Each structure stands twice: as structure tokens, then as C-alpha cells.
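Me: I'm new to this structure and would like a slow, close look at a single part of it. Please choose a good spot, start from a pair of residues I can find, and work outwards from there.

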Amino acid sequence: MNAPDTPPPTDALLQARDISVRFGGVMAVNKVSFDVRRGEVFTLIGPNGAGKTTVFNLISRLYAPTSGRITYDGQDLARQPPHKVASLGIARTFQNIELFEYATVLQNLLIGRHTHRRTGFWQDILFTPAARRAEIEAREKVEQVIDFLDLQHHRDSLVAGLPYGVRKVVELGRALCTQPRLLLLDEPSSGLNVEETEDMAFWIQDIQRDLGITVLMVEHDMSLVSRVSDRVLAMNQGEVLAMGSPREVQAHPGVVEAYLGTIEDVSSLRREVA
Ligand SMILES: Nc1ncnc2c1ncn2[C@@H]1O[C@H](COP(=O)(O)OP(=O)(O)OP(=O)(O)O)[C@@H](O)[C@H]1O
């Protein structure tokens, strides 16, 4: 039995409880609650302005909630400084790729890996045995990621010269180099053609199945969402509209209407879901 002040065991890696974010007069996120279970792919969907990116930015600590609480692996995320998020095991990709354009793929991945380094400034400068070991470990990890994502052919290419679809995979690789437990993917299919989106679906499935990484994703492409997501949370106007399997959420009348832009009051639809 648990002691009275011990939280009950949970399979949730991330828990958001009643989180709200206000920007001036705009309630971007209004009392949103959800759990992301260990090992699942959990996807946020919703029309433009629904609040998805704001939720994402809360979890990567770019924003702080106006109210509510986000717990990651039992720890209050708001107590963690933003620069500590990567070392907690949270990594992210961006809607508009953020890589060093005039560095090679290998260099970009090594930079990603360096956020994981445990050695200090002086150890690195003096190249102590600990720093040497860390460097070898970093290179090994990066090589594993290059093999995993089939990037061998591009290892020494400058990012600036690569097709957009390959850059998206490099960005995914950079996030994987930090050995995350929670991977945040911000619109992984944006800018990709049909074939590249198919490939992205395979990478996400491999990351979940082979690496056991929990994925939280914001995505608009419903075929990708249905294919890779275990559960989906639909938002509209900062509120939760529906949550469940991809099939359940897509069949929800409120979700269909929200995408058509005809919903004025999501409260009635939330009652339908309950
Ligand atoms: N930094 C900010 N300052 C002021 N308002 C903001 C800010 N960020 C978001 N908003 C507002 O909050 C609301 C939710 O925006 P958010 O970007 O989270 O939606 P979204 O679902 O991600 O939309 P999209 O799919 O277009 O990216 C919108 O009304 C937006 O204008």
C-alpha cells in the first residue's frame, strides 16, 4: 500500500492538469488535462489557433503555464529551468527545421549530442580521460543514429545542400542523439511530399517500437496521425474537444465541425465526449 503522501503508481510519463495559458486577452490554452503514457505515440490535432503549439511550448519550457501543473516522470516541470529540459530526457523538433545550415550532418548530430555531455568546460578544454571517454561515447551514439535513420550517404554533406525531406530526418536524428525518453515532434510532415510523409511515418513507428521512446506530436496530416498514433487529443479554441483512438476522435462530430470552422462554443461538445 502507498503511504498517504506517495502519489499512486502511474503509466503516464507526462501529466498535464488543468493547464491554462493567457496571452494578454487571449486564452490560448484553457484548463487542458491529459496524460501521455509511457511508450505511446500521442498526437495533438486541431485547427489553426487551437492552442497545440502553446501546449508544446509549455512542455519544452519555452512558456510557463498561467495556471495548472505539468508533471514529467513524477517531477513538476515548472520547477525545472528551461535549459535543463534536454537533460531530463525531453527532445524536440521544430515546425521549421532548425539546423546549422553550413555544418555537415555529422557535425549537426554531434552538436545535438553535446547537450547530453556530462563533462565540464575545463575537462573538455584539457581533454581529460573523462572528456576523451565522453567524446568516444558521443561519436558512437551519433554513428548509431546515422545507421538507424539510414543517413550514411549524407554523413559529410552540408545541411544547406540537402533536400528538405532529408533535413527533416537529420533534425529527427539530432533529437535522437540526446537519447530522449520523450520526443516532441512539431508537425513532422510539414513541407514533405506524400512519399516523404510515408517515410516519416515509418521512422516514427521505428522510434516507438525499436527505441521504446514515447512520442508527443502535433500534426495536421490525418493519414499520418491515424497511422502512427495510439491516442489523439483534439483541441479547439484552447480547449479539449475529444480524446481517444484516432478512429474515435476523427468520428467525433465536434472534430469534423471544428475543422470546418463552424464551432462557436466547444463546451456543448465536451459534454458529448464525457
Ligand atoms: N506568443 C504569443 N503571444 C500572443 N498570442 C499568442 C502567442 N502564441 C500563440 N498566441 C495565440 O494563442 C492562440 C493559440 O495559438 P497556437 O499557436 O498555440 O495554436 P496552434 O493550434 O498551434 O495553431 P497552428 O496550427 O496555426 O500552429 C492563438 O490565438 C494565437 O494567436
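Reply: Let's start with Ala16, which has Ile70 of E4 opposite. (The strands, E, of at least two residues, and the helices, H or I in DSSP and at least four residues long, are DSSP runs numbered from the N terminus.) Before going on, keep in mind that this is a predicted model: local features need pLDDT of at least 70, side-chain atom pairs count only at pLDDT 80 or more, and totals for chains, interfaces and linings use all residues. Residue numbers start from 1 along each chain, as its sequence is written.

That residue pair sits where strand E1 (residues 12–23) and strand E4 (residues 67–72) run antiparallel to each other, joined over five bridges. (Strands count as paired if DSSP finds at least two bridges between them.) Step back a little and you get an open sheet of four strands, in the order E2-E1-E4-E5, with antiparallel pairing. Strand E2 (26–37) and strand E5 (75–76) have a single partner strand each, so they form the edges, and one side of each is left without a neighbour in the sheet.

E2 also leads us to the ligand, because it is worth knowing what surrounds that molecule. Both E2 and helix H1 (52–59) supply at least two residues of the shell around the ligand, and H1 gives the most, with three residues. Among the residues around the ligand are Phe23, Val26, Ala28, Lys52, Thr53 and Thr54; to belong here, a residue's C-beta atom, placed from the backbone, has to lie within 6 Å of the ligand.

Now for the part to look at most closely: strand E8, in the other sheet. This second sheet is also open and has six strands in the order E6-E7-E8-E3-E9-E10, with mixed pairing. Its edges are E6 and strand E10 (239–244), each of which pairs on one side only.

E8 spans residues 214–218 and is mostly covered, with five of its five residues buried. (Buried means that 20 or more other C-beta atoms lie within 10 Å of a residue's own, exposed means 12 or fewer, anything in between is partly exposed, and the C-beta atoms are placed from the backbone.) Thr214, Leu216 and Val218 point one way from the strand, Val215 and Met217 point the other way, and all of them are buried.

On one flank, E8 pairs with strand E3 (residues 41–45) in the parallel sense, over four bridges. Two matches are handy for finding your way: Val41 faces Val215 in E8, and Thr43 stands opposite Met217 in E8.

Strand E7 (residues 182–186) is also a parallel partner of E8, this time over five bridges. Here Val215 in E8 is the bridge partner of Leu183, and Met217 in E8 is the bridge partner of Leu185. To get from E7 to E8, the chain passes through helix H6 (residues 194–211), and this β-α-β crossover is right-handed. (That is, with the strands pointing away from the viewer, the path from the first strand over the helix to the second runs clockwise.)

E7 is a lot like E8 in its surroundings: five of its five residues are buried, so it is largely enclosed by the rest of the structure. Leu182, Leu184 and Asp186 point one way from E7, with Leu183 and Leu185 pointing the other way, and all are buried. E7 also has strand E6 (residues 90–92) as a parallel partner, over three bridges, and Ala91 has Leu183 in E7 as its bridge partner.

For contrast, look back along H6 to Asp210, which is found in that helix. Asp210 has 9 C-beta neighbours inside 10 Å, so it counts as exposed. Its C-alpha atom is 15 Å from that of Ile146, a residue 64 positions away along the chain.

How far can you trust all this? The chain averages a pLDDT (the predictor's confidence in each residue, from 0 to 100) of 86, and 85% of the residues score at least 70. For the complex, the predictor gives an ipTM of 0.95 and a pTM of 0.86. Where pLDDT is low, don't read the predicted coordinates in detail.
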